[in-house]
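Please open the model in the viewer and follow the selections below in order.

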Amino acid sequence: MNSRAVVVTGMGVVAPHGDSITALFEALMLGRSAIRPVFPELPKPAAAATAAFDASRWFTKLQLAGVDRVSQLAVAAAELAMQDAGAAGTVEPERIGVFAGCGMGGAAALEAAYRSGNTQSGGSGRVPPLTIPAFMPNAPAAHVAMRQGVHGPVLTYSVACASSSLAIAEAAKAVQRGDVDLAIAGGSEALIVPGVVMAWQAMQTLASFAPGEAADAVRPFAADRSGFALGEGAAFIVLESADRAKARGAKSYATLEGWGSSCDATHLTKPDAPGQARALRQALKMADLAPRDVDYCNAHGTATRIGDEVEAKALAEVWGTDIDALKVSSTKALHGHLLGAAGAIEAVITVMALYKQRLPPNAHCVTPDPACALNLVLEPSYNAPNIQSAISNSFAFGGTNSVLLFKR
């Protein structure tokens, strides 16, 4: 391990499968889906993965004024990560940074403002005065900073589905450069409100399902895939230099060996295999690894017709004849697509796969699409005792691609 190595010393989640990283990982290993029907009043059936969250555990009633759910989730997940790292009080406040991803901000606050302000639909005509600070995308990072007493850089990355993956990469750069001694990095998203769900339905990207079949609706890389389901939650990791972690006796889940970022620059919503391949190659080059050295890929895998095929092509382009040796799964089939928080929760899952030497399944894929010729993990509770390196892919609307490469 080189002296500039960046390690993960703590992780915290508030996810559709709970607020324990172990409970989350075990649920995924068993293929348990958290996707359920939502908003029966909508014209078209909808499903999502929501998080059971008790805000009173983390906030007083007075503290909750003007704090949207997206920030509440972030505060809880970041606190859990800091507790897991045992890092409180070990760093001067100005030497800590918060690097947070958030795609769309406080959707609940914004929707409530529209409903309250619209008198024609029964609203009072009065918009809550704290609506703006509640829904601004940098609110989660700001609330995490206030809760943790962070006086260093507090930055928000809003890059659609790549937001929190890029936030983690930027945090690792700051640790590596010595800008901060400790980084709290991750993301949060809470978009399960009727207006947002209907907007995604209008894009025809959400999975269709028959009554009673919502839990199995998302089928990444399957021949019969029809799209994703939204999820909500937050995930944060604590990053430090390997030397600092060793000096304070902290555990290390994994090393963040490399990362890559690129832009397709071709289309706002249609992905591009060469663009994704550039990010993959960057991560491999930084980690000084050949494709055959990477054992597992937590795929972006949104279960859209185009997206899965393009990602499979990008992996095949980079891995070449070694593609069959790469185990692949997308966990969005089980926890939904957390958009701005997707990269963070999937980074946690990837790290846990290395740490536990087990791989989560690519659930609900009965018949893999021949156009997505990947070595999919199809069985639950897959033991992988020899895996050493793994990647987590996040490929966003806007054409931004982010890849994180972790090593055991």
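Select S392 and L404 together: S392 stands opposite L404 in β16. The model is predicted, so to speak a computed object throughout: local features need pLDDT of at least 70, side-chain atom pairs count only at pLDDT 80 or more, and totals for chains, interfaces and linings use all residues. Residues are numbered from 1 along each chain as its sequence is written, and side-chain values use heavy atoms, with hydrogens and water left out.

Extend the selection to strand β15 (residues 389–395), which is joined antiparallel to β16 by 7 bridges. Strands are DSSP runs of E of at least two residues, helices runs of H or I of at least four, both numbered from the N terminus; two strands pair if DSSP finds at least two bridges between them. The hairpin of β15 and β16 has 4 residues between the strands, and there G398 takes a positive phi near 95°.

Next, select β9 (residues 254–263), which runs antiparallel to β16 with 8 bridges; G260 has V403 as its bridge partner. Of the 8 residues of β16 (residues 400–407), 7 are buried, that is, under 20% relative accessible area with a 1.4 Å probe and protein chains only.

Move to helix α12 (residues 342–356), where 13 of 15 residues are buried. Its end C-alpha atoms are 21 Å apart, in agreement with the 21 Å expected at 1.5 Å a residue, the expected span being 1.5 Å times one less than the number of residues. Finally, select Q357, which follows α12 and has a positive phi near 60°.

Technical notes
Buried < 20%, exposed > 50% of the residue type's maximum accessible area, 1.4 Å probe, protein only.
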